[in-house]
Amino acid sequence: MDGTSSTRRTFVAGAAAVTGALAVSGARAVAAERPGTPSGARSGGSAPSVAVLGGGVAGLTAAQELAERGYHVTVYERRALGGKARSMDVPGSARGGRRALPAEHGFRFIPGIYHNLPDTMRRIPFPGNANGVWDNLVAPPEMSFARTGREDLRIPLPWPGHKPAELTLDEIRRALTAFLDTALGIPFHETAYFVNRGLVFLTSCDERRDETWERTPWWDFIRAQRMSYDYQRILAVGLTRNIVATKAEEASTRTVATLLEAFIFNALGRGADGPLDRILDLPTNEAWIDPWVAHLEGMGVDFRVGWTVREVEYGSGLVSGVVVTDPSGARSHVTADHYISAMPVEHARRTWGAGLRAADPQLARCDKLETDWMTGIQFYLTERAPLLNGHANCIDSPWSLTAIQQARHWPERDFPADYGDGVAVDCLSVDISEWDRPGILYGKTAKQCTRPEVAREVWAQLKAAFNDTGRAVLKDSALHSWFLDPGVDGLGTPNPTNDDQLLIHPVGTFHNRPQAETKIPNFYLAGDYVAVDIDLATMEGANASARQAVNALLDRTGSTAPRCTVTPLFRAPELEILKRHDRTRYRLGLRNALDLG
């Protein structure tokens, strides 16, 4: 690397000072442009206090929006700031003054359909970046469907200013072979039918989407049961299990098709914040989470890491306090003027007692929301594998694997010089989306395997996808080590657990998602399970829900502070007249005009 990398190499040493100074000046600017203290301040002039329960993307977003508006914020996080979005160190892997090998719950993916999260990222200072940590996003130029026993389908992801991937003559031959193989694998009449189903959804009114298509599984909507294997694997399973982490047979058509609609317009450059596929150019904590925390601390946000929320107490129509345990295990009672629950739904609902649930029935409906396992494993390599410059979707793998080589996307890092023992040169980060289907090595599900068996099984499935057409892309001799998300425990026993599950979207989920504003005057919800415009468990949804929670708090307290901007998904204006026509047909009990059944 050249000398331009020195700024980021010294980031950890200087982050607190730099971002702290920027944060203080930013906070003064915010205070100067906003009139006085927040409405509802106590008689002594002190700002109202807000307890944010959870320090993931939702909690940190809420903390930032509130701190910018003069509120005193305390964040309670049981484990580590950043939640499922964070990266982490591989214990005991650092040698010779290097950083520990970087690991994560799963690789970050920030597509151009996101608007609210990128807005927050632009407002987080990062040394040398004009647009904050947003400038740490890079766009891979390609992706692939890695087929087992067949040539991999490589798909370019063009975007203005991007340089296409350079291909050898053999790679071009393989790409054309894969394209024709896939095109011929799905019969023309099936392709035509799938396109028709897409047009039906695009022209469906909101009422039909929210009712009919929300209650129709994606598998049934596209008639996958009657179609070819390639149709099922690519258009049914590939677009749900590998991307949305839910089963095609159960997933709501509204959820899957809304996502596809957004990605189609993103690819066309319509209503997009940026390229279709974006990732961070450093490990997540280095590129984003650590600067974010430093920025918030500079604005006065108080963090209580290692504090676990046990119960949200309710009395006299309000949340009266929160029972927590501190890092030593001691129980205590904390109070604030307002409370934002920003924990994942499977953890948050455990803290809601009978009184709180009775005060707002939408809290009880959250018990109907379902979660599933989508967990990351990293393989560290002593040789750079000749994969592709982007994400690979192992479309035929039993465990629905997706993967990306990370070091090639970190230009400011010399991986062996900066991380580990100096031997590992790359990190292949893999997401396991299917944990209940038998694998190819042991014939067991991922949950039935021990941790080493999971690693060996994933490695075998990766080799089956990449080493199947005459090339040894992944070599056993190049495997340095592996790291499986520590949130997974008890593998190979009758009762495995996963502390970092993901909200999934079976039919009817939309109607059970709560609003950010509850009927309890000082209690609000934020998280990827809260109802927002993007009907998907995403960091964007977590960010948007936190903005909605803050807006609800501002409205309830009569604050004169500016409201948070909440940007919805892009809606093509030329389709609105067709949706209005469909609304009339829907109310008359007729199917969509393009619906051939």
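Let's start at Thr 509, which touches Glu 214, Leu 369 and Ile 504 once residues up to four places away in sequence are set aside. This residue belongs to the loop that runs between strand S22 (502-503) and strand S23 (523-525). Its relative accessibility is 7%, and because buried means under 20%, Thr 509 counts as buried. Keep in mind as you look around that this is a predicted model.

Now step back to the whole chain. The protein has 597 residues, and 58% of them are buried. Its secondary structure comprises 18 helices and 23 strands. If you take the contacts between residues at least 6 apart in sequence, 71% of them join residues at least 24 apart. On the outside, the protein exposes about 23300 Å², with carbon and sulfur atoms supplying 55% of that area.

What about the interior? In soluble globular proteins, nonpolar side chains tend to be buried together. Here, the largest nonpolar core holds 86 residues, and the members that touch the most other members are Leu 66, Trp 288, Ile 340, Trp 352, Phe 523 and Tyr 529. The biggest contribution to this core comes from helix H17 (residues 539-557), which gives nine residues. Another core lies apart from it, made of 31 residues that include Ala 392, Ala 455, Leu 462 and Val 488.

Phe 523 is a good place to pause. Leaving out its neighbours within four places in sequence, Phe 523 is in contact with Val 312, Val 319, Tyr 339, Ser 341, Trp 352, Leu 356, Leu 363, Thr 518 and Arg 556. One of these partners, Trp 352, is also among the core members that touch the most others.

Next, turn to the empty spaces. The second largest pocket contains about 310 Å³ of space. It is lined by 15 residues, and those closest to its centre are Asp 206, Arg 209, Arg 254, Asp 533 and Arg 571. Two elements, helix H7 (206-213) and helix H10 (253-267), give two or more residues to this lining, and H10 gives the most, with four residues. Sorted by class, the lining of this pocket has eight charged, six nonpolar and one polar residue.

There are enclosed spaces as well: the count comes to seven cavities of 30 Å³ or more. The second largest cavity has a volume of about 100 Å³. Of the 13 residues that line this cavity, Arg 108, Ile 279, Leu 280, Gln 406 and Trp 410 lie nearest its centre. The cavity lining divides into seven nonpolar, four polar and two charged residues.

Our last stop is Val 425, in the loop between helix H15 (415-418) and strand S18 (426-432). Is Val 425 buried or exposed? With a relative accessibility of 19%, set against a limit of under 20%, Val 425 counts as buried. Not counting residues up to four places away in sequence, Val 425 touches Leu 381, Thr 382, Glu 383, Arg 384, Ala 407, Phe 415 and Pro 416. You can also pick out Ala 478, which is 53 residues from Val 425 along the chain, while their C-alpha atoms are separated by 9.8 Å.

How values were computed:
Residues numbered from 1 in each chain as written. Predicted model: local features only at pLDDT ≥ 70, side-chain atom pairs only at ≥ 80, totals over all residues. Heavy atoms only, no water. Buried < 20%, exposed > 50% of the residue type's maximum accessible area, 1.4 Å probe, protein only. Contact = heavy atoms within 4.5 Å. Core = buried A, V, L, I, M, F, W, Y, C linked by side-chain atoms within 4.5 Å. Areas by Shrake-Rupley, 256 points an atom, 1.4 Å probe, with all protein chains shown as cover. 1 Å grid on protein atoms, 1.4 Å probe; cavity = no way out; pocket = protein on both sides within 12 Å on 5 of 7 lines; lining within 4 Å. Points joined across faces, edges and corners; volume = space filled by probe spheres on them. Nonpolar A, V, L, I, M, F, W, Y, C, P; charged D, E, K, R; others polar.
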